[in-house]
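Grab your viewer and work through these exercises on side-chain contacts. Each has a task and then a solution in steps.

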Amino acid sequence: MNSSLMLRRFFTLNATSSSSSSCCASLKPTSKKKQLVFLGSPQVSAAVLNDLLSASTAPDSIFEVAAIVTQPPSARNRGRKMMPSPVAQHALDRGFPSDLIFTPEKAGEEIFLSSLRALQPELCITAAYGNILPRKFLKIPPMGTVNIHPSLLPLYRGAAPVQRALQDGVKETGVSVAFTIRALDAGPVIACERVEVDDQIKAPDLLALLFSRGDLVSGKTIGSAREIKGLYYFDDGAIREEHCSFCVR
């Protein structure tokens with residue numbers, strides 16, 4: 001079972017969604033498959049993207065990756081040469097169209113948002129994207145935006161959840177898939193998977209393990225995105241914790 005199964009069940013349970021109006025006809029999707037936009041930047045995100053791209057090419061796939069959003073190129077290595085993010089590089093290596101890899105400095109840039117609206121995505125998935133998503137972004141996909149977060153929410157919200165968990169000496173952590181709202185890592189949790197923590201494991205290895213285990217939450221989605229969204233205050237981000245499903249000990 002891989003991470004695409006979560007999306008299959010996610011989409012299958014969802015009622016047919018209405019499409020947003022296109023402002024850039026050249027980007028308007030023509031496929032009958034559900035349009036998905038992936039947002040991520042580091043190597044662990046590239047692993048998630050690889051699974052999605054592979055799954056999208058399966059004969060029975062019901063979704064396709066319509067676009068990829070990642071951090072702009074940055075200077076790396078000894079020569080300080082400008083290089084694309086690991087996600088962008090992986091997408092290019094897989095033959096993904098370069099004009100559908102977006103690298104905005106900020107996710108609220110109007111040119112970027114116009115291009116995103118033109119694609120009419122049903123769902124956006126983020127995995128360590130590294131950029132704040134404004135309300136204007138979150139309103140675009142009718143099924144919402146979901147994030148793969150390497151902790152058992154609501155534990156270790158925010159940055160560096162793996163490092164903080166190891167510093168606290170936890171014996172168990174995990175990965176959660178949750179809706180993204182304006183409040184940081186406070187959206188309803190769709191599913192989670194627990195992982196025992198080896199005493200000798202280092203933060204980078206645990207982080208990679210958790211993102212690889214994100215596929216194990218595939219069978220635990222709890223209903224259609226539209227139905228779930230109707231239960232919460234998504235538009236203004238004024239969600240309350242007592243209204244959320246959390247992964248608890």
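**Exercise 1.** Work out whether Lys 171 is buried or exposed, and find which side chain it meets in a salt bridge.

*Solution.* Keep in mind that you're looking at a predicted model.
- Step 1: the relative accessible area of Lys 171 is 57%. The cut-off for exposed is over 50%, so Lys 171 counts as exposed.
- Step 2: its salt-bridge partner is Asp 199, at 3.3 Å from N to O.
- Step 3: place the two ends. Lys 171 sits in the loop between α6 (161-167) and β8 (172-179), while Asp 199 is in the loop between β9 (189-196) and α7 (203-212). The two are 28 residues apart, and the pair links distant parts of the chain.
- Step 4: check the partner too. Asp 199 has a relative accessible area of 62%, so Asp 199 is exposed as well.

**Exercise 2.** Find the salt bridge of Arg 194 and say which strands it ties together.

*Solution.*
- Step 1: the side chain of Arg 194 meets that of Glu 172, with 3.1 Å from N to O.
- Step 2: Arg 194 belongs to strand β9 and Glu 172 to strand β8, so this salt bridge ties together parts that are 22 residues apart in sequence.
- Step 3: for exposure, Arg 194 comes out at 32% relative accessible area, which means partly exposed. Glu 172, at 25%, is partly exposed too.

**Exercise 3.** Say how many salt bridges the structure holds, and which residues are joined into one network by shared partners.

*Solution.*
- Step 1: the total is four salt bridges.
- Step 2: Glu 110, Arg 117 and Lys 136 form one network, joined by salt bridges that share partners.
- Step 3: zoom in on one of these contacts. Arg 117 and Glu 110 meet at 2.9 Å, N to O.
- Step 4: Arg 117 has a relative accessible area of 25%, so it's partly exposed. Glu 110 is partly exposed as well, with 40%.

**Exercise 4.** Search the whole structure for aromatic pairs and say how many there are. Then classify each by its geometry.

*Solution.* A ring pair is described by the distance of the centres and the angle of the planes.
- Step 1: the search turns up two aromatic pairs.
- Step 2: in one of them, Phe 102 and Phe 112 are 5.9 Å apart centre to centre, with 65 degrees between the planes. Over 60 degrees counts as edge-to-face, so that's the label for Phe 102 and Phe 112.
- Step 3: Phe 102 lies in strand β5 (residues 101-102) and Phe 112 in helix α4 (residues 110-119), so the pair ties together parts 10 residues apart in sequence.
- Step 4: the other pair is Phe 112 with Phe 137, at 6.3 Å centre to centre and 15 degrees between the planes. Under 30 degrees counts as stacked, so Phe 112 and Phe 137 are stacked.
- Step 5: Phe 137 is in helix α5 (residues 135-138), so its pairing with Phe 112 of helix α4 ties together parts 25 residues apart in sequence.
- Step 6: put the pairs together, and Phe 102, Phe 112 and Phe 137 are linked into a cluster.

**Exercise 5.** Decide whether Phe 112 and Phe 137 are buried or exposed.

*Solution.*
- Step 1: buried means under 20% relative accessible area.
- Step 2: Phe 112 has 5%, so Phe 112 is buried. Phe 137 has 0%, so Phe 137 is buried too.

Note on methods: Residues numbered from 1 in each chain as written. Predicted model: local features only at pLDDT ≥ 70, side-chain atom pairs only at ≥ 80, totals over all residues. Heavy atoms only, no water. Phe/Tyr/Trp six-rings, centres within 6.5 Å; stacked < 30°, edge-to-face > 60°. Helix = DSSP H or I, 4+ residues; strand = E, 2+ residues; numbered from the N terminus. Buried < 20%, exposed > 50% of the residue type's maximum accessible area, 1.4 Å probe, protein only.
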